[in-house]
Amino acid sequence: KFLRLNPQEKELGIKIKKKEELPDFSEAFSWFKRGSDLDIVLFAGDEINEFRQLNKNFKYAHSFDQKALLLIKGNLPRDVFGRVYTISDFPDIPLRTMKVVFDVTHIHAFYSVLMSRGYLPSTCTEAEFTAKTITHELSHAVNIWHHGELDNEPSPQTFYQNSTPDTHIFDRIGNEIFTRPYTLYGAIGRRGNQESGDLSCVMTYLPVYIWAFRFGSDGSYNFYQVPLIPLGRKLCSSKVGTDFNTPPTNYNARNNYFGNAAVGNCLSQIKLKD
């Protein structure tokens, strides 16, 4: 069937191998469409060829080759849920994105681990976790970057009664933990990392960090247990932090865990062609 694209709309072609795989991706497509305001043109099987070109039947007024993203359910290295393969090895446009691969086995396993350890809100379903993961990777394939990159403190760390410099440890609701010795397990993050900025955005990596680190005004070391929040469902329009990343109007231990995004403003990054 001949399909004419709409020059008045931003349309993203997506190709999956089999129509039977659509239920695995449909929730993520809804999230991505709502978040990006892009119209998805879906292809399955052999509806377009292996070169993924959407506008191959041009005769005139042709300025560039438009290609669909190829989504594949496959196997990835351990602890990797999704990966975008681009010519540049960075977030890029669909033309230079060879494929987007998701390992649903890893997604399922990691979701179970996170829930069992209390690292996700109890209301978070596996379908939501999967949709967020797929939407995140699709966003890389239209040129969107992380809010920041890894900026970690060493972990685990153990602190004693007379640790130098002075160290303060706070639980999720802001109460100081005075028990010593006390060991911090799990990733410890600094400002501007992958969990910085607007936490309602799918490009934040949640949950990555169990603890946030920052220096006190007196030079002390301060560690804050990161609160649980729902997974982001949109693409942000600002670098400014929200929820526990909100910039404080005055010093507040409950705010500004990871601060504003180093990149952020994801909607402005969307790019389908050069």
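Reader: Where in the chain is the place of Asp92?

Author: This is a predicted model, and places are given by its strands and loops. Strand 4 covers 82-86 and strand 5 covers 97-102. Asp92 falls in the loop between strand 4 and strand 5.

Reader: Is Asp92 buried or exposed?

Author: The relative accessible area of Asp92 is 5%. A residue counts as buried under 20%. Because its value is 5%, Asp92 is buried.

Reader: With which side chain does the side chain of Asp92 make a polar contact?

Author: Residues up to four places away in sequence are not counted when the touches of Asp92 are listed, and that list includes Thr86, Thr97 and Asn143. The polar contact is a separate matter, and it joins two side chains at 3.0 Å. The partner of Asp92 in this polar contact is Arg96.

Reader: How far apart in space are His140 and Asp92, C-alpha to C-alpha?

Author: In sequence, 48 residues separate His140 from Asp92. His140 lies in helix 3, whereas Asp92 is in a loop. The two residues are in contact. From C-alpha to C-alpha, their distance in space is 6.7 Å.

Reader: Is His140 buried or exposed?

Author: Among the contacts of His140, leaving aside neighbours within four places in sequence, are Val84, Pro91, Trp145, His146 and Met203. The relative accessibility of His140 is 8%. The cut-off for buried is under 20%, so His140, at 8%, counts as buried.

Reader: Which residue has its backbone oxygen 2.8 Å from a polar atom of the His140 side chain?

Author: One end of this pair is a polar atom in the side chain of His140. The other end is a backbone oxygen, 2.8 Å away. That oxygen belongs to Ile144.

Reader: What is the order of the open sheet that holds strands 1 and 2?

Author: This open sheet has 5 strands and mixed pairing. Its edge strands, each paired on one side only, are strand 2 (39-44) and strand 4. From one strand to the next, the twist averages 25°. The strands follow the order 2-1-3-5-4.

Reader: Which residue in strand 2 is the bridge partner of Gly13?

Author: Strand 1, residues 11-16, runs parallel to strand 2. The two strands are joined by 6 bridges. In strand 2, the partner of Gly13 is Val41.

Reader: What is the order of the open sheet that holds strands 11 and 12?

Author: This open sheet also has 5 strands with mixed pairing. Strand 6 (152-153) and strand 8 (167-170) are its edge strands, each pairing on one side only. The order is 6-10-11-12-8.

Reader: Which residue of strand 12 stands opposite Phe215?

Author: Strand 11 (residues 211-215) and strand 12 (residues 221-225) run antiparallel. They are joined by 5 bridges. The residue opposite Phe215 in strand 12 is Tyr221.

Reader: Which element gives the most residues to the largest nonpolar core?

Author: The largest nonpolar core has 28 residues, and Leu71, Leu138 and Leu235 touch the most other members. At least two residues come from each of strand 1, helix 1 (22-36), strand 3 (69-73), strand 5 and helix 3 (126-140). With 5 residues, the element that gives the most is helix 1.

Reader: Which residue of 126-140 is among the contacts of Leu71?

Author: Neighbours of Leu71 within four places in sequence are left aside here. The contacts of Leu71 include Ile14, Phe25, Phe29, Val100 and Phe102. Helix 3 spans 126-140, and the contact of Leu71 there is Leu138.

Reader: How many disulfides does the structure hold?

Author: A disulfide is a covalent bond between the sulfur atoms of two cysteines. The count in this structure is 0 disulfides.

Reader: Which cysteine sulfur is nearest to that of Cys236, and how far away is it?

Author: Cys236 is buried, as its relative accessible area is 0%. Two cysteine sulfur atoms must be within 2.5 Å to count as a disulfide, and Cys236 is in no disulfide. The nearest cysteine sulfur is that of Cys266, at 3.7 Å.

Reader: What percentage of the residues of the chain count as buried?

Author: The chain has 3 helices and 12 strands, and its C-alpha trace spans about 75 × 35 × 30 Å along the principal axes. Among contacts between residues at least 6 apart in sequence, 69% join residues at least 24 apart. Of the 274 residues, the part that counts as buried is 46%.

Technical notes:
Residues numbered from 1 in each chain as written. Predicted model: local features only at pLDDT ≥ 70, side-chain atom pairs only at ≥ 80, totals over all residues. Heavy atoms only, no water. Pairing = 2+ DSSP bridges. Helix = DSSP H or I, 4+ residues; strand = E, 2+ residues; numbered from the N terminus. Buried < 20%, exposed > 50% of the residue type's maximum accessible area, 1.4 Å probe, protein only. Polar contact = N/O pair within 3.5 Å; in protein donor to acceptor, adjacent residues only side chain to side chain. Contact = heavy atoms within 4.5 Å. Axes fitted to C-alpha atoms, helices over the stretch in contact; angles between N-to-C directions. Core = buried A, V, L, I, M, F, W, Y, C linked by side-chain atoms within 4.5 Å.
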